[in-house]
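Open your viewer and get ready to click through a short series of selections. Each stop names what to pick and then says what is there.

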Amino acid sequence: MIEFRSVTKQFPDGTVAVDSFDLVIPPRKTTVLVGSSGCGKTTLLRMINRMIDPSSGSILIDGEDTGSLEPVKLRRRIGYVMQNSGLMPHRKVIDNVATVPILSGVPKKKARDDAMALLDTVGLDRSLALKYPRQLSGGQQQRVGVARGLAADPNILLMDEPFGAVDPIVRAELQQETIRLQDGLGKTVVFVTHDIDEAFLLGHQVVILQKGGHIAQVGTPAEILAHPANDFVASFVGADRGKRALRIQRVGDRDVVVDENGTPTGVLQP
Amino acid sequence: MNWVSSNLDLVWELTLAHIALSVPPIVVGFLLSVPIGWIANRFRLTRGTILVVLGLLYTIPSLPLFIFMPLILGTPLLSSLNVSVALTIYAVALMVRTAADGLASVDKDVLQAASAMGYSGWQRFWRVELPLSGPVLLAGLRVVSASTVSLATIGSVVGVTSLGYLFINGFQRNIPAEVVSGIVAVLLIAVVFDLLLVLLGRVTLPWSRRERTGSPRSARQRTALLAGGVS
């Protein structure tokens, strides 16, 4: 469990990115922080592994105040996946995946063997192990990034818009893969995105953020859709544009679901 | 050609002396430049000052610098240390800006990722920043190497043995073959040094090569890998 307790972050230039933020992130579930750019979602994520230190307030992981922990050690036990993969261009795929275990002192041979197994886990062919990151496609690089995030078998996995830079088809594939991995591994995933559809797809708990890290609404995707807390949320999830207001239209002997503009979105199963 | 064949021993001896005179300034200059470049980048305010002041050192004419060295260092007038130190100053003057630029050229995303993975500051420098600035550092080092090998000839004017002796002696005694053989020997040293540096880059920076075609070694590794464990 990760707990934000009245966390505030003011940057040296005076910008208040996050203002007395409170949130409980449940264990073994995916929590998605979603909002447009400048809402402080990335700042919140980076405060969990102390890439950024809060100006005031505290963040607790399983009841332990992260402020009292050594940042380098803390980061080694929290997986981190970022946009554009952030892979080390001078290390082979296998060594990129084995980075954190080797930093933590796992013998190189064992770390590399484990990394090989992780390539299978994230759906990468083992023949890619000895290639350099730039020899891989964007989607493959992102998978390596996920494997690297999982390598130390962390309880917590932070994902900062990991699929923002890949094309829609690959993104859909990677999203499904993430759901599959989370189901299988039961990590506490904190995921940052600006894409509400991605948030609803992946999140057990979705946190909709407004400027300054103010929470507009927290809930399951269904709760948010059913009862948007305010106009901002309604507009953000697309409820005001008719995208989420579906009705049934009888076509022959089938019930077709259409949105408010009459665009068919699916067929109702009996 | 007659002169060359009868003075081969002399040319060889001077070549060795020239190499001995050039190598320490190249190595020491490089080793000094990287930390200075790092410091220049670390503190944005000092970056301009450090780089400009050190860069200007290269504009000091070499002959006066060689002559003034004993006054500054307190070394004997004919000591080769005078030339070595002066050449090191030139090497640093050439190298510091490249070192600073090389270190600054490392992708910020990669550095951020490295920190997020849990590299400590020190580990991040040695395992990420330094190797990734390698290609730029190497390019700078090649310039320093050529410059140092050529400047070392001037050492002969202040009585420090180098291939420059062949120029001076050849001019004074009007033996063109001697001057030409001096030039050729200096060029050869510069070319060989450059090739060695390129080779060093190939070995230490394999990832920076344009495209890797399956070398026998990597093919062997791949086979071993697919067969089971990682070698």
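Which residue in β9(A) is the bridge partner of A:V32? Select A:V32 and look across to β9(A): the partner is A:V206. Keep in mind as you go that this is a predicted model.

**Stop 1: the strands around that pair**

Color β3(A) and β9(A), which pair in the parallel sense over four bridges. Then select residues 205-210 of chain A to see strand β9 by itself; five of its six residues are buried, so the strand is mostly covered.

Now add strand β8 of chain A, residues 188-193, which pairs with β3 (residues 30-34) of chain A in the parallel sense over five bridges. To see one of these contacts between strands, pick A:T30 and find its bridge partner in β8(A), A:V189.

**Stop 2: the hairpin**

Return to A:V206 and look to the neighboring strand: A:G219 in β10(A) stands opposite A:V206. Here β9(A) and β10(A) run antiparallel, joined by five bridges. The two strands form a hairpin with three residues between them. Click A:G212 in the turn, where phi is positive at about 75 degrees.

**Stop 3: the whole sheet**

Zoom out and show the six strands of the open sheet in chain A, in the order β6-β7-β8-β3-β9-β10, with mixed pairing. At the edges you will find β6 (78-82) and β10 (214-219) of chain A, each of which pairs on one side only. From one strand to the next, the twist averages 15 degrees. Next, select helix α6 of chain A, residues 138-150, which packs on the sheet and touches β6 and β7 (156-160) of chain A. The direction of α6 makes about 165 degrees with that of β6(A).

**Stop 4: two backbone angles to check**

Most residues other than glycine have a negative phi. Two residues to click here have a positive one. A:S6, in strand β1 (residues 2-10) of chain A, has a phi near 30 degrees. A:S6 is partly exposed, with a relative accessible area of 36%.

The other is A:E161, with a phi near 40 degrees. Look for A:E161 in the loop between β7 and α7 (168-185) of chain A. Is A:E161 buried or exposed? Its relative accessibility is 13%, so A:E161 counts as buried.

**Stop 5: over to chain B**

Finish by showing the surface of B:V23, B:V27, B:V28, B:L31 and B:L32, which make a nonpolar patch of about 390 Å². One of them, B:V27, is found in helix α2 (residues 8-42) of chain B. With 42% relative accessibility, B:V27 counts as partly exposed.

Methods
Residues are numbered from 1 along each chain as its sequence is written. Chains are lettered from A and ligands numbered from 1 in the order in which they are written. This is a predicted model: local features need pLDDT of at least 70, side-chain atom pairs count only at pLDDT 80 or more; totals for chains, interfaces and linings use all residues. Side-chain values use heavy atoms; hydrogens and water are left out. Patches are made of residues with over 30% relative accessible area and no salt bridge: like charges are joined within 9 Å, nonpolar side chains (Val, Leu, Ile, Met, Phe, Trp, Tyr) within 5 Å. Accessible areas come from the Shrake-Rupley method with a 1.4 Å probe; for residues, only the protein chains shown count as cover. A salt bridge is a side-chain nitrogen of Lys or Arg within 4 Å of a carboxyl oxygen of Asp or Glu. Buried means under 20% relative accessible area, exposed over 50%, partly exposed in between (1.4 Å probe, protein chains only). Two strands pair if DSSP finds at least two bridges between them. Axes are lines fitted to C-alpha atoms, for helices over the stretch in contact, and angles run from 0 to 180 degrees between N-to-C directions. Contact means heavy atoms within 4.5 Å.
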